Amino acid sequence: MKKNEILACLKANKKISGYEVSIVNKDSRELFYVLDHLEINRAVKIENTAITVYVSDKKTTGSSTITLTAADDKDSLNKKLNSAISKAKTAKNEYYPLAPKTENIKEKIEIKKDLNEIASNVAKAVFKADTYKNGWINSTEIFVSRFNEEFINSNGIDHVSEHFKVEVECIPTWSNKKEEFELYKFHESNKADYNQITKEIDEILKMAKDRSQAVTLKDVKLPKDLKVLVKGEMVEDIVYNLAENLSYKNTYIKQNHYQINDKVSDNPFDLTMKAVVSGCSASRRYDSNGVLLKPVKLIKGGVAKNTYGDIRFGYYLKEKKISGNLPVCELKADGVDIGKEKHLLVEAFSSPQMEEDSGYWGGEIRLAKYFDGKKYIPLTGLSISGNIYEDIKKVEFSKETTASKYYKGPKYMIFKGIEIS
Amino acid sequence: MLDKYLKSRIPDAKKLVKDLRRQYDYVSVLGTVVNTKKINISTHINSMDEVDNECGFVIKVYKDGRYSEYSCNDIRGLKAAEVTKAIRLDKPFTKEFNVRMLEEQEHTEDFIREDKAKLSDKKIIEELTKVKDDMHKNDERVINVHTVYVKRQTSKIFVSEKKCLSQKYDWINVVLAVVVRDKDKIKTNYKSQGEADSLEALNKFKAESKEVLDIAIKMLDAKPIKPGKYTIITDPSISGLIAHEAFGHGVEMDMFVKNRAKAINYVGKRVASDLVNMYDGAVSCLSAASYFFDDDGIEAGNTQIIKNGILQTGISDYLSAMELGTVPTGNGRRQDYQRKVYTRMTNTWFGAGKDKYEDMIRSVKHGYLLCQTNNGMEDPKNWQIQCTATYGLEIKNGEFTGKMVSPVVISGYVIDLLNSISMVSDIVKIEGSGMCGKGHKEWVYVSDGGPYLKAEAKLG
């Protein structure tokens, strides 16, 4: 159904007190390789429409979300809307408003090349790194996508934004002649940076080589209180967990470990939630309720200073300036130089774990490198674990910085006293 | 009954197949409609939504040794030329590749399995609300209770030159999560029920709610485990987690094609103690991944993967089977119509043994009963394990000591763990409520389970 037809049905239904409409168009090209053989290629051209209807009185708000399909017409939409109204009246909540009208965002991006051509160039960039005799790229999946998103609500918001995304999943393998070893690489970016892709694939191939030469804890005696450096997804998970503890929602439902003015860490780092950060592909100017996003400094000098979040829980907490559900964390801290000190550098977890409630974090490690003061010794088959709410108190950060999907800041978090087994 | 819209598109699918066959050696159309009802009654959030719905088509073609696919919302009026244009590749980066084309047998059939309970939304809300309210009444340390009822009604059609299949099946999940707080300690415990019948799912949900709360309260005093090697008894959910994560991913045969699975070298060889039997298949039991044909239009199967400790075979989608020269096992699954087919597990479980649970506990000198799946991660190439149990109960000299540890991570080498299995209980439970990713994406509904298993494992 066309947007105007949908809006006409919503406006004509007097039982609806408010609505949100989200229309997402996706156009993508996908290439799937086994070694450097293209096994299958795919094209996706779809539109997804979701409508949330609100039924509010002075004390309560009920909502229900429906999705439209190609099968829907005016009659079926009206039936779905009436069913949604009935559901919204049944599943009621404490009153909260919809996002008020503000400046409407109109973000367009210009993609000069055809998506097929970009996908093919990404493939070339991946295989440019495939230069080793005993190491190779076992399988590769490439997704090049363009999204056009429109968000409309009954208060007059009408945001339009376009996004571009390159995703590469790659499995590097290395043979030590007795056995083959693999690792996992997922690259996601809002630009097709071919040189960066080649560099990252080359790095993960070298890490696969390290794994093929890795020994276990039976072969190396680690000193007590060894400093442990973690990076990548584990750092993202830890930082996001700190932020979640200061979200409006977790504050309201009391499922939080921090309140304003609590000391989070002895290390005086700053953590700011932002809308748009260069290099972070999750950057957005508005959230899923259409709220224009405003940055919030959550932690200043190691102390919790603010909360952030969506309009609903911000309203419940009587926040005067609602930030919106900010997508990107930026962390600033004085970095330390690990230098010649003995340490364990965790290169790759099987799947990093971070339990928000209990604070348990860690996991099984596919590749770590122990620096014994002179050289790095690759290690595998070990695990680390700790409690983040304790461990963060004495955390240190590297001088080297990084930017990933949700995070910009020091590349490594450095912990001491972590259980290694 | 099959979704009406999907049924109306069968003639369009047949026409598109006929038109595209002029250019391609093989053409199929998969149509999917998923209608989901989700009722969420929680301490602070109530909602009734139709989220995660799905409606769309995948056109698959084959020519010159390669498959191509086009995913779209609708096929009515879709021209063959539009499909050809969308999937065209100008000078693709590739070496020669020549996959065999599937030879299909004539097959026309309609399948159906529906939720027999006709429960009103009001009744479901009453049941969820009562459990939530009772939790709060029973203990003041309860700060949040989440109850969720999800009913997924899946309709699919598969049309090719020789096949015209349709299926409709329902699956219901009811989830209970309770969050308890004592000063700075916060713990969450949950239980998820999956059934083909709403009434059965809700009855199990109610019956187990007290235990969910009791364990959450006990978790407040749980300590981290002292890392080391222990005798373990796994409950059926942890047995299922081991079957699925530690071993199952390694026998998905698209991993064989990519030489990413160690298991390819172990077919016909010992991988577990001779007490171990393992199965996977959409018709191996009635659970979350029970369908009638897969997303390649291949009839659902039941594969015995391990027989008396010996690896028999893997499971496969049809593209992998074509490349390996084997028979597809009905394990080709997509996250949704926008995604590619991969070889995926369905209902994966260890078979029953002869031991009594009580005898197994009595046989442990010092170890843990590991309970409730938390998460896991596969490593099919190198068979390293990462499986996490939500909690463990200490056993000393054949008796529970009352001490709980939480969470508990099982690590080590898969084959060492499976070969150490020394007792297998005579009861099997399969939980149909999980979702599984492949690597870090491609989520599909799965179930897993098994008997209680006694083994030796590294815990941390």
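What follows walks through a predicted model of two chains, A and B, from the overall layout down to single residues.

Chain A is a good place to start. Its secondary structure adds up to eight helices and 25 strands, and the C-alpha trace spans about 75 × 55 × 35 Å along its principal axes. Of the 421 residues in this chain, 48% are buried. Taking the contacts in chain A between residues at least 6 apart in sequence, 72% link residues at least 24 apart.

Chain A splits into three pieces: domain 1 covers 3-209, domain 2 is put together from 214-235 and 334-420, and domain 3 takes up 258-331. Between the C-alpha centres of domain 1 and domain 3 of chain A there are 23 Å. Here 17 residues of domain 1 of chain A touch 11 residues of domain 3 of chain A. On the domain 1 side, the elements that put in two or more residues are β6 (135-153), β7 (158-175) and β9 (185-189) of chain A. That side is a mixed bag, with six nonpolar, five polar and six charged residues.

Chain A also has a helix pair worth a look. Helix α3 (residues 115-128) of chain A and helix α4 (residues 194-212) of chain A have axes that come within 7 Å and cross at roughly 35 degrees; the crossing of α3(A) and α4(A) is right-handed. From α3(A), the residues taking part are A:Asn121, A:Val122, A:Ala125, A:Val126 and A:Lys128, and they meet A:Tyr194, A:Ile197, A:Thr198 and A:Ile201 of α4(A). Sorted by class, the residues of this helix contact are six nonpolar, two polar and one charged.

Now for the place where the chains meet. The contact involves 63 residues of chain B and 59 residues of chain A. On the chain B side, strand β4 (residues 66-72) gives the most, with seven residues. The chain B side as a whole has 25 nonpolar, 22 polar and 16 charged residues. Strand β4 of chain B also pairs across the chains: strand β2 (residues 37-56) of chain A runs parallel to β4(B), with six bridges between the two. Within this pairing, A:Arg42 has B:Glu69 of β4(B) as its bridge partner.

Chain B has three domains as well. Domain 1 is made of 4-35 and 51-111, domain 2 of 115-153 and 168-219, and domain 3 of 228-459. The centres of domain 1 and domain 2 of chain B, taken over C-alpha atoms, are 41 Å apart.

Early in chain B comes a hairpin, formed by β1(B) and β2(B) with three residues between them. Strand β1 (residues 26-42) of chain B pairs with β2(B) in the antiparallel sense over four bridges, and B:Ile39 sits opposite B:Met48 in β2(B). In a regular strand, side chains alternate between the two faces of the sheet. Strand β2 (residues 46-49) of chain B shows B:Asn46 and B:Met48 pointing one way and B:Ser47 and B:Asp49 the other, and all are buried.

Just ahead of that hairpin, the loop between α2 (10-20) and β1 of chain B holds B:Arg22. B:Arg22 counts as exposed because it has 8 C-beta neighbours inside 10 Å, where 12 or fewer is the cut-off. B:Arg22 and B:Ala80 are 58 residues apart in sequence, yet their C-alpha atoms are 9.5 Å apart in space.

Further along chain B, six strands make an open sheet with mixed pairing, in the order β12-β11-β10-β15-β22-β21. Strands β12 (310-311) and β21 (429-438) of chain B sit at the edges with a single partner strand each, so one side of each has no neighbour in the sheet. Inside the sheet, strand β10 (residues 278-280) and strand β15 (residues 347-350) of chain B are antiparallel and joined by three bridges, with B:Tyr279 opposite B:Trp349 in β15(B). Helix α7 (residues 236-247) of chain B lies across β10, β15, β21 and β22 (441-450) of chain B, and runs at about 135 degrees to β22(B).

Conventions:
Residues numbered from 1 in each chain as written. Chains lettered and ligands numbered in written order. Predicted model: local features only at pLDDT ≥ 70, side-chain atom pairs only at ≥ 80, totals over all residues. Domains from an automatic or database assignment. Contact = placed C-beta atoms within 7 Å. Nonpolar A, V, L, I, M, F, W, Y, C, P; charged D, E, K, R; others polar. Pairing = 2+ DSSP bridges. Axes fitted to C-alpha atoms, helices over the stretch in contact; angles between N-to-C directions. Left-handed = near helix turned anticlockwise from the far one by under 90°. Buried ≥ 20, exposed ≤ 12 C-beta atoms within 10 Å, placed from the backbone.
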